[in-house]
There are 2 protein chains.
Amino acid sequence: MSRSRRRTRASTLQAHPAWRQLRHPFSPQALLQAERIEAIHNMALRVLQELGIRVLDDGARDIYRQAGAQVEEQMVFIGQELVDAAIASVPRAFTLNAPDSTRCLRVEPGSLVFGPGAGCPNATDRLGGRRPGCLADYRNALKLHQSFDVIHILGPSVEPQDVPVQLRHYELMRQQLILSDKPPFVYGRGHEQVRECLEMIRLALDLDEASFSAQPWCYTVVNTNSPRQIDRPMGQALVDFARAGQLSIITPFCLAGAMAPVTVAGALTLQHAEALAAITLTQLVRPGAPVLYGGFGSNVDMRSGAPAFGTPEQIQMSLGTGQLARFLGLPWRSSAGTAANIPDMQAAGETHMALWGTLMANANFVFHAAGWLEGGLSFGFEKFINDLEALQTIASLSRPLDSSDDALAWDALGEVPPGGHFFATGHTMARYREAFYQPLVADLSNFGSWQEAGGRNAYERATDIWQRVLEEYSPPPEGDARGARIAEFIALGTGRGGAAVTD
Amino acid sequence: MSRSRRRTRASTLQAHPAWRQLRHPFSPQALLQAERIEAIHNMALRVLQELGIRVLDDGARDIYRQAGAQVEEQMVFIGQELVDAAIASVPRAFTLNAPDSTRCLRVEPGSLVFGPGAGCPNATDRLGGRRPGCLADYRNALKLHQSFDVIHILGPSVEPQDVPVQLRHYELMRQQLILSDKPPFVYGRGHEQVRECLEMIRLALDLDEASFSAQPWCYTVVNTNSPRQIDRPMGQALVDFARAGQLSIITPFCLAGAMAPVTVAGALTLQHAEALAAITLTQLVRPGAPVLYGGFGSNVDMRSGAPAFGTPEQIQMSLGTGQLARFLGLPWRSSAGTAANIPDMQAAGETHMALWGTLMANANFVFHAAGWLEGGLSFGFEKFINDLEALQTIASLSRPLDSSDDALAWDALGEVPPGGHFFATGHTMARYREAFYQPLVADLSNFGSWQEAGGRNAYERATDIWQRVLEEYSPPPEGDARGARIAEFIALGTGRGGAAVTD
């Protein structure tokens with residue numbers, strides 16, 4: 001392929017503004033009857049009131065206590081009035097802002113946001129193999145996030161383990177703000193680091209404090225420690241994010257049979273109770289703080305205890321979570337996922353199944369939508385590219401179809417004789433350039449041509465694509481300016497030895 | 001793995017009676033507004049009336065003419081009254097019988113039937129490579145169809161090219177009737193072969209003529225030659241199957257941009273017109289003859305003309321076809337598919353996308369659901385195994401979920417302390433064996449264990465599975481008896497030199 005053709009093709013890959021704000025193409029599907037959803041909600045309320053939830057952070061417990069919850073040592077028992085009030089004050093719709101205003105995301109019923117695979121300690125690609133994540137991998141993952149419009153928010157795809165943990169938050173923020181103009185992610189690793197991260201975003205975006213805290217400019221993910229526990233960093237993140245008006249995405253990680261009951265309905269009950277407890281905390285701190293209801297539920301293999309993804313049970317968990325979110329009237333988050341160790345048919349199959357589960361459930365945020373491998377232990381660059389094909393297909397589906405009289409093609413139907421073809425009709429010539437989705441990694445050539453060209457599979461072909469995208473990546477216009485605005489802050493913080501991580 | 005454990009595991013793979021008759025887990029989704037569906041229907045009627053359809057078979061044309069259609073040379077112009085009468089007489093629900101009565105399939109709104117990848121001239125597997133299909137491959141494919149309950153009907157997965165074409169129908173029928181007890185497939189290769197095939201089925205099942213023709217015991221697929229043409233073997237098959245009360249599955253193969261207009265709405269219009277023409281013929285022959293409305297629509301790559309599958313356009317075609325079928329009130333057929341040349345992420349991705357399109361569209365028959373590669377030019381044994389994982393996942397989803405109070409797990413939630421696990425609770429112990437779908441080919445082990453065990457991908461692992469299933473295959477109880485009942489018929493026919501194929 002000539003150099004110029006490669007350039008043309010790569011630029012096609014990287015931008016499709018119509019994919020920047022998606023709406024669900026399908027209506028939400030039900031797993032359970034409305035009465036059983038209410039039964040789960042009521043049992044979750046009973047769990048919070050009678051069994052309670054353990055909250056390890058003193059400050060968070062104090063907030064519950066001051067609001068009237070009963071606190072016994074680390075256990076917090078939350079009455080229905082507190083939960084009801086919290087649900088009532090959570091915003092039903094809001095905008096997640098971005099450094100580039102064309103990347104802002106409206107969050108409301110029917111909206112669909114794809115987030116990259118996140119939280120992976122390792123990175124893997126076909127040439128470099130599997131290794132502990134480093135800063136270079138983290139940067140490359142961010143460049144990939146930035147390069148495809150169908151990825152809507154940034155995520156910590158690869159943990160930069162080569163950066164000391166007390167300084168890591170500086171690089172996590174700096175790289176996101178320099179390399180991308182999409183909404184950044186902040187780890188909830190304790191008061192000190194969160195406070196510094198929020199300050200870096202505010203400075204980089206050149207916002208005064210009131211403008212920053214009036215709307216969300218970033219997000220964090222809060223995983224409860226199922227069953228029935230909120231640990232210190234998670235409790236602190238809930239408080240800090242609510243106070244700053246930033247977005248907390250509440251995600252109990254309920255694996256049926258392990259940290260949750262073996263039944264899907266039971267796992268949903270636990271997940272719902274934990275999500276309600278966390279949501280309540282945010283609204284006690286600041287009524288109206290933006291928060292997503294969420295869940296990441298699946299099952300384990302009962303022989304080995306290994307987590308499974310893309311299973312019927314994960315799809316059922318997504319469907320049930322969607323029903324519970326709509327019962328509350330709240331926007332919500334779900335996840336794709338796979339347990340596969342390499343980008344093979346298992347990886348694709350599980351990821352597609354889980355993804356379709358989130359679509360059937362009408363999740364507003366779909367996390368781990370591209371690049372996740374090994375149940376999140378590794379971020380795969382070829383997996384990321386292959387997963388984009390699915391996301392771009394969904395994005396194309398979410399656009400309205402032309403069904404005008406002209407699209408019904410009466411003239412072309414009359415013009416082509418029986419057994420003929422439509423290639424040369426005016427109807428085709430006027431439309432063929434934009435008619436169809438252009439695949440990213442799929443090879444449509446026949447077996448002979450494919451074999452002659454090297455017979456490479458989608459895993460192998462994806463290597464070329466991510467390498468080319470990285471090679472042709474160009475930073476967003478204001479990236480360096482944002483970096484410059486936080487350079488001194490980071491230098492001073494580094495000089496002080498950084499910020500402690502809360503255990 | 002010990003021999004005895006392998007046996008136990010293999011028998012688990014092969015039978016799951018709950019999967020023998022499925023219902024759709026999701027409600028049908030709309031692509032277009034009802035008014036536009038009606039517009040497509042009306043334009044299709046206009047196509048039949050004003051543009052006409054070319055019918056190559058003299059006998060089929062005579063039937064249209066005798067019913068009042070205008071015939072000019074090979075062109076047939078069909079008025080709306082004929083179409084309306086035909087739609088009114090097509091059965092809305094029926095049973096497709098099988099040699100084993102537990103394999104009979106109820107076809108009605110909401111029912112879901114999976115058919116294997118079909119019509120492939122080549123076979124391919126990881127060890128044997130890609131080769132022209134032969135009788136041994138055809139037999140092995142049938143054994144695989146028979147071994148998994150989630151495959152509901154037989155299909156011509158691999159063409160036995162080593163059998164002379166005038167004798168091939170004997171082996172196609174004999175092998176299906178001996179090796180399986182699921183509903184067999186008959187190729188529409190002209191009056192002579194079809195008549196002999198139907199007679200072989202009647203003899204093998206030991207039915208008198210009235211019992212045979214009272215209900216469908218087999219099916220054929222009729223592909224129109226888009227645009228606007230029904231060739232001789234297809235026309236003859238429509239007539240023969242209707243006359244014998246057997247099931248015709250009408251399938252225009254409309255690739256937008258090539259044999260159909262470049263717009264999805266235009267391709268749907270053409271597909272609908274062709275399907276209505278073929279359905280009308282069947283009902284003119286015998287009102288009430290069982291027939292499925294159908295379509296297999298996708299798009300081509302406009303640069304190369306190559307067919308594409310699993311695309312947004314294929315999903316849209318499925319959705320629109322479903323709406324048109326429901327507009328008519330008829331059961332209908334759709335297809336999965338992939339253009340990939342090997343079982344890789346592209347193969348899995350496209351197949352899952354296309355499959356989910358058929359689910360969203362609530363297709364009653366989903367063809368090419370397992371094993372299809374290269375847009376149908378090859379049947380892949382490892383592809384078949386991997387696709388089964390998806391079908392079994394869907395089958396599991398179609399079973400009702402336990403949401404009883406007991407499933408909500410109050411006792412277990414109280415029994416497990418915060419941060420604990422549910423492995424040992426009574427609630428888990430009572431349910432863990434049957435709690436979750438057991439994957440067929442997915443490997444859930446962690447990276448280290450997986451690597452230590454050889455680091456094999458899903459393509460490689462599937463080889464073991466199909467080999468084991470073939471090794472442990474046992475023929476159905478009455479298979480040999482069915483074979484014996486047609487042995488003389490086949491010997492006599494072979495002695496006469498077989499039966500001609502219609503061009």
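Copies are superposed by least squares on the C-alpha atoms of residues with pLDDT of at least 70 in both. The model is predicted: local features need pLDDT of at least 70, side-chain atom pairs count only at pLDDT 80 or more, and totals for chains, interfaces and linings use all residues. Residues are numbered from 1 along each chain as its sequence is written, chains are lettered from A and ligands numbered from 1 in the order in which they are written, and side-chain values use heavy atoms, with hydrogens and water left out.

**View 1. The rotation axis between chain A and chain B.** A turn of 180° and a shift of 0.0 Å along the axis lay chain A on chain B, with an RMSD of 0.0 Å. The two copies are therefore related as by a two-fold rotation axis. A:Met345 comes closest to this axis among the residues of chain A, at 2.5 Å (C-alpha). Both copies use the same surface: 99% of the contact residues of chain A recur in chain B. Contact means heavy atoms within 4.5 Å.

**View 2. The interface of chain A and chain B.** Here 113 residues of chain A are in contact with 112 residues of chain B. The buried area is about 9,400 Å², and carbon and sulfur atoms give 71% of it. Buried area is the accessible area (1.4 Å probe) that two parts lose on being put together, summed over both. In chain A, the most area is lost to chain B by A:Met345, A:Trp410 and A:Phe436, together 10% of what that side buries.

**View 3. Polar and charged pairs across the interface.** The rule finds 34 residue pairs in polar contact between chain A and chain B (both at pLDDT 80 or more). A polar contact is a pair of N or O atoms within 3.5 Å; within protein, one must be able to donate a hydrogen and the other to accept it, and residues adjacent in sequence count only if both atoms are side-chain atoms. Two salt bridges are counted between the chains. A salt bridge is a side-chain nitrogen of Lys or Arg within 4 Å of a carboxyl oxygen of Asp or Glu. B:Arg36 and A:Asp405 meet in a salt bridge, N to O at 2.6 Å. Helix 12 (residues 345-360) of chain A gives eleven residues, the largest share of the side that touches chain B. Helices (H or I, at least four residues) and strands (E, at least two) are DSSP runs, numbered from the N terminus.

**View 4. B:Gln146 and its surroundings.** B:Gln146 is found in helix 5 (residues 135-147) of chain B. At 9% relative accessibility, B:Gln146 counts as buried. Buried means under 20% relative accessible area, exposed over 50%, partly exposed in between (1.4 Å probe, protein chains only). The side chains of B:Gln146 and B:Asp181 are joined by a polar contact of 2.9 Å. Beyond its neighbours within four places in sequence, B:Gln146 is in contact with residues including B:Arg103, B:Leu179 and B:Tyr473.

**View 5. A salt bridge between B:Arg20 and B:Asp149.** The closest N and O atoms of this pair are 3.4 Å apart. The pair links distant parts of the chain, 129 residues apart. B:Arg20 lies in the loop between helix 1 (3-14) and strand 1 (22-23) of chain B, and B:Asp149 in the loop between helix 5 and helix 6 (165-179). B:Asp149 is buried, at 4% relative accessibility.

**View 6. A salt bridge within helix 6 of chain B.** B:Arg174 and B:Glu171 lie three residues apart, about one turn of the helix. Their closest N and O atoms are 2.9 Å apart. B:Arg174 is partly exposed, at 22%, whereas B:Glu171 is buried, at 14%.
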